[in-house]
Amino acid sequence: MPAADADRGDRRSGLGLQQRRALNHAAIFLTIVGLWELGSRMGWLDPLFYPRPSNILRSFWLIYIENGNIWPEIYSTASLVLSGFVAGSVLGVSLGALVGLNGMVRRFVKPYVIVLEATPRIAVAPLLIAALGFGASSKIAIIMLVCFFPPFINTLSGVVNVDEQRLELFRSLGASKLQLMRKLVLPDALPVIMAGERLAMTSALSGALVAEFIQRDQGLGALIMTYTRNLNMASSFACIFTLTILGFLIFRFMEWLDRRIAFWNSEEGLQRVGARRRKRMEGLA
Amino acid sequence: MNMPTQNSGQADTADQAADAGAKDAVVAARGLSKTFADGTVVALEGASFDIAPGSFVSLVGPSGCGKSTLLRLIAGLIDKSSGHLKVHGKPVDAPRTDVGMMFQRATLLEWRTAIENVLLPTEIKRSLTKEDRRNAAELLRMVGLHDFRFSFPTQLSGGMQQRVALARLLQTGADVLLLDEPFGALDEFTRERLNVELMRIVAEVGATTLFVTHNIAEAIFLADQVFVMTPRPGRIASIVEVPFERPRSPSLQTSPEFNEVVAEVRDILGEDH
């Protein structure tokens, strides 16, 4: 009975489910990396395009520590992503709210939104560069463009789709337009808006890379272009994995922000905010 | 039992009747009608009635009989097409603070704790005081949720959510309470318990209550008067007086006298029921 054997084996090793899972993942990961290294050494993989993991590791050491030349590029890309994201999504949310709340404007704007939504935003990047010239402004404009639509669309639909009975409740309480906005429509739309923001943040990184690929002056995108042109694939891979980490951090950050802002969608958030409100109100009463 | 008082389509009679409405009626209607936008759907036709202060009125009937429309007219959420409607002697032309409404769904704001939800009506009127918070906590105690005042709606059961909504309704300070199938989405046991509590609470605060339901037994059990309504066009077919003493216990519903009233209402509604 293999199942019973396994069971006994686990008990002897004294490992919890979590640790066993972690071990499994580590084993699989190391196997893949090992095969890759082996394949590269044995000549099954072209080492020019598939550099050995050990070489990639050395590139990491070079660009992070020995030369340290990746840091300014990470800073450049990250600040670009952040500024473009903030500008684009602030614009998206405010215009979305404005359009959503005004029925006339909404009807007028809708066909354009549909057309623009069907157009891949990134296609406009060269035109933006032509119009604004090389440099930070056109890069930020590209990121703004890709960051604008998800929050815009989500805010629009969020403020339009307010529950009819809740609207009636607010009307029966004699709420003003501003109160309706602040106490019902905006908080109600927040989870949807945040979903848009998360989408925008993910696109922001891609937008930044495209902008840097075209302009090739600074940032991780430019660095990847340079290394690849010099056939330094190991360093290119090191940059790509850097982007993986950056993307992952951004994703976790947005997740964290979402839980903070739309706290009522998670049990953890309800507990946390509930305890805080209890303290505050007991202080007041 | 009163005979139905209908003045449908007789505008001049309705005009005279408007002034003739009982002096002490909290809600008075004469020939009240509502036709929806395209003019083909007559949601309510020629409703005339007087509701005495502190009384409990049930509106019962199948869907499309105009019971929700009547409630929304009294709440000032929709405009009448013709006829007269006064609350506390003043014509209804907009939502007003002496009339409060509760819906089938609790319509709580899920980013607010129970007590913050209860405080919403006051917050909309003015800034909150210590007294308001104490009052809200007291209302939550009245509906049996004092220990849950810092819980969020999603942490509460459906029945508890409706209790919060009831506390919020009472926080408005309105003395005319409009309840649109408030416990309709709850299970039988919870609904029965909440009905009994509702009777106790509205008696305690002395509110005049209009309660919409499609459950005949529930309508009779709760009310002093039952407005029996029929559809196409929506109208009050009859107003049935309920003779039972208060306080009432759920066992009343098994008595022969109670079932006589049920039979009477059923008779008015026709053979579909």
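1. A word on the annotations before anything else: UniProt positions are given here in the numbering of this structure, and such annotations may be inferred rather than shown by experiment. With that in mind, the unreviewed UniProt entry lists "transmembrane region" for residues 21–39, 80–101, 113–134, 140–163 and 231–251 of chain A. Also keep in mind that the whole thing is a predicted model.

2. How do two of those listed spans look in the coordinates? Residues 21–39 of chain A are 100% helix and 0% strand, with 27 Å between the end C-alpha atoms. Residues 80–101 of chain A are likewise 100% helix and 0% strand, and here the end C-alpha atoms lie 31 Å apart.

3. There is a broader label too. The unreviewed UniProt entry puts "domain: ABC transmembrane type-1" on residues 74–252 of chain A. That span is 87% helix and 0% strand, and its end C-alpha atoms sit 18 Å apart. The domain assignment cuts chain A another way, into domain 1 (2–45) and domain 2 (63–284). Between the C-alpha centres of domain 1 of chain A and domain 2 of chain A there are 38 Å.

4. On to the overall build of chain A. It has twelve helices and zero strands, so the element string from the N terminus on is simply α-α-α-α-α-α-α-α-α-α-α-α. Its radius of gyration is 25 Å, well over the 19 Å that the globule rule gives for 285 residues, so chain A is more spread out than a compact globule. The C-alpha trace of chain A spans about 75 × 65 × 40 Å along its principal axes. Of the 285 residues in chain A, 30% are buried. Among contacts in chain A with a separation of 6 or more, 72% are between residues 24 or more positions apart.

5. Chain B is built from eight helices and ten strands. Its radius of gyration of 19 Å is close to the 19 Å that the globule rule gives for 273 residues, so chain B is as compact as a globular protein of that length. Along the principal axes, the C-alpha trace of chain B covers about 55 × 45 × 35 Å. Buried residues account for 48% of the 273 in chain B. If you take the contacts in chain B between residues at least 6 apart in sequence, 70% of them join residues at least 24 apart.

6. Now the open sheet in chain B. Which order do its strands take? Four strands line up as S2-S1-S4-S5, with antiparallel pairing. Strand S2 (42–51) and strand S5 (90–91) of chain B are the edges, each pairing on one side only. Edge or not, S2(B) is largely enclosed by the rest of the structure, because nine of its ten residues are buried.

7. Looking at the pairings in that sheet: S1(B) and S2(B) are antiparallel over six bridges, and B:Leu32 stands opposite B:Ala47 in S2(B). The hairpin of S1(B) and S2(B) has six residues between the strands, and B:Gly39 there takes a positive phi near 80°. Strand S1 (residues 27–35) of chain B also runs antiparallel to strand S4 (residues 82–87) of chain B, joined by five bridges. In that pairing, B:Ala28 stands opposite B:Lys86 in S4(B).

8. Strand S8 (residues 208–213) of chain B deserves a look as well. Is it covered or exposed? Mostly covered, with six of its six residues buried. B:Thr208, B:Leu210 and B:Val212 point one way from S8(B), while B:Thr209, B:Phe211 and B:Thr213 point the other way, and all are buried.

9. S8(B) has parallel partners. Strand S3 (residues 56–60) of chain B runs parallel to S8(B) through five bridges, and B:Ser58 has B:Phe211 as its bridge partner. Strand S7 (residues 176–180) of chain B is joined to S8(B) by five bridges, again parallel. Here B:Val176 stands opposite B:Thr208.

10. Finally, the interface. How many residues of chain B are in contact with chain A? There are 25, and they meet 19 residues of chain A. Strand S6 (99–102), helix H3 (114–125) and helix H4 (130–142) of chain B each supply at least two residues of the side that touches chain A. By type, that side of chain B divides into twelve nonpolar, eight polar and five charged residues.

Methods: Residues numbered from 1 in each chain as written. Chains lettered and ligands numbered in written order. Predicted model: local features only at pLDDT ≥ 70, side-chain atom pairs only at ≥ 80, totals over all residues. Pairing = 2+ DSSP bridges. Contact = placed C-beta atoms within 7 Å. Nonpolar A, V, L, I, M, F, W, Y, C, P; charged D, E, K, R; others polar. Domains from an automatic or database assignment. Buried ≥ 20, exposed ≤ 12 C-beta atoms within 10 Å, placed from the backbone. Rg over C-alpha atoms; globule rule 2.2 N^0.38 Å.
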